[in-house]
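Reader: I am new to this structure. Please take me through one part of it closely, and set that part in the whole chain.

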Amino acid sequence: MRDIVRQKTSLTEEIENILNEQIKLEAKASALYLAMASWCDQHGFLYSSEFFYKQSGEEREHMLKIFKYVNDVGGKAFSPEVAGIPQDFESLKSVFIGGLEQEIANTQALNRVVDVCYKVKDYTTANFMQWFLKEQIEEEFIFRRALELFEVIGEEGVGTYMIDKKIPDIKYTHD
């Protein structure tokens, strides 16, 4: 029965594989942000902790959205293994630098998915991925604004405390 269903899908093996890679990247991002939330919590950065708990949940939602899509179109989504997540960080600034690097890597990976979709003429999946690309504009913007706080406020004295307190105020309003 499964072979018959597989023959009736428009999802190519190449697209299925790259989507499963994206599922793994989203799971890794969720785990990384959870570790960052824990570190922030342990070091008294409660606003940043809440920010990263929320980010972790969003990345998990992104993973599930792709996971369900793969299964919905007749492919086979794989539950990813996630290992090697750092649990300790040098500073609050290093946490946000790591977050921005994660988001840039995610944007690049999503662009690769869409690029392959266009090459194999899978316009349905390319269209599905547009939401993720738009989301990445917001994700990178928020991390860049957070890092600007370190430059504007500085980390001396109560600077890091003030930066932590400003994190919930960062919003992307360019929709």
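Author: What follows is a close look at helix α3, with the chain around it.

Start with the whole. This is a predicted model. The chain has six helices and zero strands. Read along the sequence, the pattern is α-α-α-α-α-α. Along the principal axes, the C-alpha atoms fill a box of roughly 65 × 30 × 20 Å. The chain counts 175 residues, and 47% of them are buried. Take the contacts between residues at least 6 apart in sequence: 77% of these join residues at least 24 apart.

Now to the helix itself. Helix α3 covers residues 46–72. Two serines serve as guides here. Ser 48 lies in helix α3, and Ser 56 has its place there too.

Take Ser 48. Is Ser 48 buried or exposed? Its relative accessible area is 0%, and buried means under 20%, so Ser 48 is buried. What does Ser 48 touch, once residues up to four places away in sequence are set aside? The list is Cys 40, Leu 92, Phe 96, Asp 164 and Ile 167. One of these partners, Cys 40, is itself buried, with a relative accessible area of 0%. Cys 117 also counts as buried, at 0% relative accessibility. As for disulfides, the structure holds zero.

Move along to Ser 56. Its relative accessibility is 8%, so by the under-20% cut-off Ser 56 counts as buried. Leave out residues up to four places away in sequence, and Ser 56 touches Ser 30, Tyr 33 and Leu 34. A distance adds to this picture. Ser 56 and Glu 26 are 30 residues apart along the chain. Their C-alpha atoms are separated by 9.4 Å.

Two of the contacts lead on to the aromatic residues. Phe 96 is touched by Ser 48, and Tyr 33 is touched by Ser 56. Which aromatic cluster holds Tyr 33 and Phe 96? It is formed by Tyr 33, Phe 51, Phe 52, Phe 96, Phe 143 and Phe 150. Phe 51 and Phe 52 fall within the 46–72 span of helix α3. Phe 143 and Phe 150 fall within helix α5, which covers residues 123–153. The cluster thus brings in members of both helices.

Aromatic pairs come to 16 in the count. Among them is the pair of Trp 131 and Phe 132, with 5.0 Å from centre to centre. The planes of Trp 131 and Phe 132 stand at 90°, and the pair is edge-to-face. The two residues differ in cover. Trp 131 is partly exposed, with a relative accessible area of 38%. Phe 132 counts as buried, at 2% relative accessibility.

Stay with helix α5 for one more residue. Arg 145 lies in this helix. Its relative accessible area is 27%; that is between the 20% and 50% limits, so Arg 145 is partly exposed. Arg 145 and Tyr 172 are 27 residues apart along the chain. Their C-alpha atoms are separated by 9.6 Å.

Last, step back to the surface and the charges. The accessible surface of the chain comes to about 10,000 Å². Carbon and sulfur atoms own 52% of that surface. The chain has 20 positive and 30 negative side chains. The centres of the two sets lie 6 Å apart.

Key: Residues are numbered from 1 along each chain as its sequence is written. This is a predicted model: local features need pLDDT of at least 70, side-chain atom pairs count only at pLDDT 80 or more; totals for chains, interfaces and linings use all residues. Side-chain values use heavy atoms; hydrogens and water are left out. Helices (H or I, at least four residues) and strands (E, at least two) are DSSP runs, numbered from the N terminus. Buried means under 20% relative accessible area, exposed over 50%, partly exposed in between (1.4 Å probe, protein chains only). Contact means heavy atoms within 4.5 Å. Accessible areas come from the Shrake-Rupley method with a 1.4 Å probe; for residues, only the protein chains shown count as cover. Lys and Arg count as positive and Asp and Glu as negative; His and the chain ends are not counted. The place of a charge is taken as NZ of Lys, CZ of Arg, CG of Asp or CD of Glu. A disulfide is a pair of cysteine sulfur atoms within 2.5 Å. Rings of Phe, Tyr and Trp (its six-membered ring) pair if their centres lie within 6.5 Å; planes under 30 degrees apart count as stacked, over 60 as edge-to-face and the rest as tilted.
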